[in-house]
Amino acid sequence: MSGTGARRIRVRVEGLVQGVGFRPFVCGLAGAYGVSGFVGNDPGGVFIEAEGEPSALDAFTAGLTAQAPPLALVERVSVEPAEPVGGSGFRIVASRRGEQPDGALVSPDAGTCAACLRELRDPGDRRHRYPFANCTDCGPRFTIVTGVPYDRCATTMADFEMCAACALEYGDPGDRRFHAQPVCCPACGPSLRALGADGLPAAGDPVEVAAGWLEAGRVVAIKGLGGYHLAVLAADGAAVAALRARKRRESRPFAVLAADAAAAGTLVHLEPAAERLLTGTSRPIVLAPRRRDAPVAGAVAPGARDLGVMLPYTPLHHLLAERLAVPYVLTSGNLTDEPIAYRDEEALRRLAGVADGFLVHDRRIEAPADDSLVRVFRGRELVVRRSRGYAPAPVGVPWRFPRPVLACGAQLKNTFCVARGNQAFLSQHIGDLESYETLRSFAEGVEHFCRIFGVRPAVVAHDLHPEYLSTAYARDREDVDLIAVQHHHAHIASCLAEHGHGGPVIGVAFDGLGLGADGTLWGGELLVADLVSFRRAGHLEAVPMPGGAAAVRQPWRMAAAWLDRIHGDALPGLAVVGRHREQWPAVVRMARAGLNSPLTSSAGRLFDAVAAIAGVRDVIGYEGQAAAELEARVDPGERGAYPARLIEGEPLVIAAGDLVGAAAEDVAAGVDAGRVAARFHRGLAAAVVRAVRVVGEGTGLRTAALSGGVFQNTVLLEAVVSGLERERFQVLVHSRVPPGDGGIALGQAVVAAANDRR
Ligand SMILES: [Zn+2]
Ligand SMILES: [Zn+2]
């Protein structure tokens, strides 16, 4: 239809444009503007040739970005002229394969859309109650992708041949399933089965069978999008307790799935931002203040002020939620400290003895992905665990990675990062690299990312700590340049990367532990940092950690170390001393002699000491538990704050012992834990603000960046941010990248690139 005056252009679209209905969208757009030509996927993104009147082509090109489908993320559109060839119509052509994908992106999994949900509930629809319905706007993506370009044959849906009806939808440009790669129906797609504890099929409708099991108080393993979950009814105290026991002394809070936002509102107080996150396509677990009358057993989240809630994100979860009509616990299918189970045989083996029954299906999961976890801070998302629904969307940075980078991350809450061009791909949550299973999951994940993003790492970044398994893995890679990045420098760099800020800034990195440049264990650091390097400008006062790792598991040991430093043998009468009367002298001797007692300036360990002194927690079941419970106890009405001195010097030292001493005095005087917790948080925040001010006066810097797992604590975060704002600092805080060790790989990647550029 191209008459005289027609022009032809060759267009490249880069970004998150595969698996999101982009090609059908381009067809529709071409139709709307009377443009002829074709569109296809290649390893770099989407290629287009379009021919038409100049004004139509301009409108078409502008529409590629302005009108893109909901799940697409257009990063770049480049246009070059071509020779007109005439012809009519616009079609999708075969994907072009190549050796080295450069810009193609795999999108994250997306929760079931409203249109698919309507079909699921419509008795007249051929996908009525079909647990695997999806379309171009929703469904599995990252977890089923085996390679690029994103086509059905490069997903685990290659196992299923489309029926004629599905093929019609797939091929019809007017259909909302046009080129939806995982399209399927009951006639041709995956199917559901209920299996008993013995692995034998149970008779009846699988959803009905599983619902019956749950109502009878059983533990049911459910195969979801990124792996197996374990479920029990949230109000069933005995079932929740059984689940905890069978997961082997699991003490972490469980998340609860509610049928819809209204049902979630009976569990937690939802501010508008939390509700937006809850109902968005990423479908994370949202941490929100638990309602007093929430119909949930106490054992679901003991000691927590907040409750993690989520909404169904697959048709299967919807069907089960609607059938049960009450919330159910949905927690990763694993034993404590193991990665989430996702391969069928392995899952059935590992979860035998944990689950009383299985609700499974035959669509393979290629990449495991745990549920993501978010909080709300000042009306914005604060991602705590970035996994399903988020990974592997790129984190765009305004700098280029001169050579492809692999950053191996930390030891705990590991994620890794591969980067090329100006894109960094932070992996899904891998877990604590402390078992063979997790290490295998890490290594497989790295290979998978390198394959789907076409990255052959030339630079490999790792933590300074020689004993991290991620460090050992990095050092094992051949033919690469290794760059070691200090833990807290990586934290601050991850925050800078998220904001596209090159530094220098005053970074406050508060976390559990990370190896310092001086060989001691850091974790309460003020760094003057840019992407290339840092200087330790200040830190929390350091104390011995009696027993090393034992002190991490037993916060009361940190209380012993601090109280001994402050009071020596003249200990005040404190309950924490009484509770550990037998071991106390030996632990104190160990600390004094420096025997197996590494020095640490860790903020996390400081929280531990105060939690033990306040009677909140002496021994933990998971990392960060004492600090989380101390935060949960904060009395919001309390306005007092413990004073802490700043000890001038290079580096500056925050006299954290002042805070501990004041807390101990209050506890001895009978002040309740809620007020002690509040005064401690407020006092620590005030000391941090004063320390940043001093560093700011010395350096002239007016921007602060807050990072490290301790800043998941929104009480502390709010107090520090508002204090710094009163001092007229610009404050950078995390949002889409976790402040904890789950974000560290991104920081390592940008530090490695900054040093590679030099
Ligand atoms: Zn849909
Ligand atoms: Zn079909």
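A pocket, as the word is used here, is an open set of grid points with protein on both sides within 12 Å along at least five of seven lines. With that in mind, welcome to a tour of this predicted model.

**The second largest pocket**

Let us start with the second largest pocket, which holds about 540 Å³ of space. Its lining counts 26 residues, and those nearest the centre are P108, S282, G389, A393 and R736. Two elements, α8 (272-279) and β17 (395-407), each give two or more residues to this lining. By class, the lining of the second largest pocket is made up of 14 nonpolar, six polar and six charged residues. Domain 1 (1-104 + 142-181) and domain 2 (192-361) each supply at least three residues to the lining of this pocket.

**Domains and record entries**

Those two domains also organise the chain: it is divided into domain 1, covering 1-104 + 142-181, and domain 2, covering 192-361. How far apart are the centres of domain 1 and domain 2? Taken over C-alpha atoms, the centres are separated by 38 Å.

UniProt adds some names, all from an unreviewed entry. Residues 8-94 are listed there as "domain: Acylphosphatase-like". In the model, this span is 29% helix and 45% strand, and its end C-alpha atoms lie 20 Å apart. The same kind of record places "domain: YrdC-like" at residues 204-389. Here the chain is 27% helix and 24% strand, with 32 Å between the end C-alpha atoms of residues 204-389.

The UniProt entry, again unreviewed, also marks R23 and N41 as "active site". These residues span 19 positions in sequence, yet no two of their C-alpha atoms are more than 7.9 Å apart, so they gather at one spot. R23 sits in helix α1, which runs over residues 22-33.

**Two zinc sites**

The model also carries zinc ions, and their sites can be read side by side.

| Zinc ion | Donors | Donor distances | Angles among donors |
|---|---|---|---|
| ligand 1 | C113 (SG), C116 (SG), C135 (SG), C138 (SG) | 2.2 to 2.4 Å | 103 to 117° |
| ligand 2 | C163 (SG), C166 (SG), C185 (SG), C188 (SG) | 2.2 to 2.3 Å | 103 to 116° |

The site of the zinc ion (ligand 1) is tetrahedral, and that of the zinc ion (ligand 2) is tetrahedral too. Along the chain, the donors of ligand 1 are spaced C-x2-C-x18-C-x2-C. For ligand 2, the donor spacing reads C-x2-C-x18-C-x2-C. Within this ligand 2 site, C163 and C185 link distant parts of the chain, 22 residues apart. C163 lies in the loop between α3 (114-121) and α4 (164-171), while C185 lies in the loop between α4 and β7 (192-196).

**Enclosed spaces**

How many cavities of 30 Å³ or more does the structure hold? There are four cavities of that volume or above. The largest cavity has a volume of about 120 Å³, and 19 residues line it. Which residues lie nearest the centre of the largest cavity? They are P131, L225, T314, P315 and R363. The lining of the largest cavity divides into ten nonpolar, seven polar and two charged residues.

Methods. Residues numbered from 1 in each chain as written. Chains lettered and ligands numbered in written order. Predicted model: local features only at pLDDT ≥ 70, side-chain atom pairs only at ≥ 80, totals over all residues. Heavy atoms only, no water. 1 Å grid on protein atoms, 1.4 Å probe; cavity = no way out; pocket = protein on both sides within 12 Å on 5 of 7 lines; lining within 4 Å. Points joined across faces, edges and corners; volume = space filled by probe spheres on them. Helix = DSSP H or I, 4+ residues; strand = E, 2+ residues; numbered from the N terminus. Nonpolar A, V, L, I, M, F, W, Y, C, P; charged D, E, K, R; others polar. Domains from an automatic or database assignment. UniProt positions renumbered as here; feature names shortened; annotations may be inferred. Donors = N, O, S within 2.8 Å, 3.2 Å for Na, K, Ca; no water. Tetrahedral: all angles 85-135°; square planar, octahedral: opposite > 155°, others 65-115°.
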